[in-house]
Amino acid sequence: MWVAGAVKVSGCLAAFSVTLRRCLKLGAAMAKSKFEYVRDFEADDTCLAHCWVVVRLDGRNFHRFAEKHNFAKPNDSRALHLMTKCAQTVMEELEDIVIAYGQSDEYSFVFKRKSNWFKRRARPCHGVELISCIFSFLAPPTVPFASFDGRVVVYPSNQTLKDYLSWRQADCHINNLYNTVFWALVQQSGLTPIQAQERLQGTLTADKNEILFSEFNINYNNEPLMYRKGTVLIWQKVDEVTTKEVRLPAEMEGRKMVVTRTRTKAVPLHCDVIGDAFWKEHPEILHEDS
């Protein structure tokens, strides 16, 4: 199972989060010494106030990692679901994240404008260690430790944030269309990777769609949305139904009752974020006080 360690990971995340917070507090409370002046050479990496803070994590050397562990081409649904599970766990741990977007081996996490997580410092916000830890816990035993690179960017307005997410989704479409045609040429037509690359050199979107349809009877618009659009994670209220045993004082045996509890969870969607429809349907994402 690719997510077999889901139960075990929560304790590790809690310990990681507590340790990180203690380290940040410890830095301010350290004993004074004559050597402390060296801290003046540290660059100030505090993110600008009242801006959206976006943390983007990318898999490091994931092409080689995918080859080594025989990921399915052009898309491996197990790996994509694993990345989404990792991102959901990150959001549950860092509740100031209002939305996340993922595709392939990357995920972008958007923090609230007013968020003060890690004192708005860019370096701790990377979350590289956190998602690497989660990935390793949720992956099957045959898949070793995976590493990620992180970067932090601040966006001053709602429009620039929406444009950023639109850019990542457009990138998802461009890459997935290319990979879908490329691997069809390699796997079904018997071309070598170099020959497939040469065949696609200079082609436009319409050309790639034509190759898929005329040569492989594939309508790209019918490909799974997760592959074409990526995954959007937003907070939504979800009803969880569980069975609970209730025993009254005068009863010898308990009775099983169905209990419904409403929780707010990070829910995955595979939808368009470039147009206005998504933002009109979920105005709370950009709301200042949400």
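A residue is called buried here when its relative accessible area is under 20%, exposed when that area is over 50%, and partly exposed in between. The structure is a predicted model, and the exercises below work through it.

**Exercise 1. Determine which residues of helix H8 are buried, and how they are arranged about the helix axis.**

Solution. Begin with the length of the element: helix H8 runs over residues 205-216, and its 12 residues, at 1.5 Å a residue, should span 16 Å, which agrees with the 16 Å between its end C-alpha atoms. Next apply the burial criterion, by which Lys208, Ile211, Leu212 and Phe216 of H8 are buried. Viewed down the axis of H8, the buried residues fall within an arc of 95°, so they line one face of the helix. The cover over these buried residues includes helix H6 (158-187) and helix H7 (193-200). Finally, look just past the end of the helix, where H8 is followed by Asn217, a residue with a positive phi near 55°.

**Exercise 2. Describe the largest nonpolar core: which residues touch the most other members, and which elements give two or more residues to it?**

Solution. The largest nonpolar core has 26 residues, and those that touch the most other members are Met91, Leu94, Ile97, Tyr107, Phe109 and Phe111. Two or more residues are given to this core by each of strand S1 (52-59), helix H2 (62-68), helix H3 (77-93), strand S2 (97-103) and strand S3 (106-111). The largest share, five residues, comes from H3. Take Phe111 as a worked case: leaving aside residues up to four places away in sequence, Phe111 touches Trp52, Val53, Val55, Leu94, Asp96, Ile97 and Trp117. A second core, separate from this one, has 18 residues, among them Val98, Tyr101, Tyr155 and Ile234.

**Exercise 3. Examine the salt bridges of Asp76 and Glu106, and state whether each partner is buried or partly exposed.**

Solution. Side chains of opposite charge can pair when their charged atoms come close. Asp76 and Arg78 meet through their side chains in a salt bridge, with 2.9 Å from N to O. Asp76 has a relative accessible area of 7%, which is under 20%, and is therefore buried. Arg78, at 38% relative accessibility, falls between the cut-offs of 20% and 50% and so counts as partly exposed. In the second pair, Glu106 forms a salt bridge with Arg168, and their closest N and O atoms are 2.8 Å apart. Because Glu106 lies in strand S3 and Arg168 in helix H6, this pair ties together parts that are 62 residues apart in sequence. Both Glu106 and Arg168 are buried.

**Exercise 4. Work out which residues are linked with Arg56 in a network of salt bridges.**

Solution. Start from the pair of Asp58 and Arg56, whose side chains meet in a salt bridge at 3.6 Å from N to O, and note that both of these residues are buried. Then extend the pair: Arg56, Asp58 and Arg151 are linked in a network of salt bridges. For the model as a whole, the count comes to eight salt bridges.

**Exercise 5. Place these details within the whole protein chain, giving its helices and strands, its buried share and its contacts.**

Solution. The protein chain has 10 helices and six strands, and of its 290 residues 40% count as buried. Among contacts with a separation of 6 or more, 72% are between residues 24 or more positions apart. The accessible surface of the chain comes to about 17300 Å², and 55% of that surface belongs to carbon and sulfur atoms.

How values were computed. Residues numbered from 1 in each chain as written. Predicted model: local features only at pLDDT ≥ 70, side-chain atom pairs only at ≥ 80, totals over all residues. Heavy atoms only, no water. Core = buried A, V, L, I, M, F, W, Y, C linked by side-chain atoms within 4.5 Å. Buried < 20%, exposed > 50% of the residue type's maximum accessible area, 1.4 Å probe, protein only. Helix = DSSP H or I, 4+ residues; strand = E, 2+ residues; numbered from the N terminus. Contact = heavy atoms within 4.5 Å. Expected span 1.5 Å × (residues − 1). Arc of directions from axis to C-beta. Salt bridge = Lys/Arg side-chain N within 4 Å of Asp/Glu carboxyl O. Areas by Shrake-Rupley, 256 points an atom, 1.4 Å probe, with all protein chains shown as cover.
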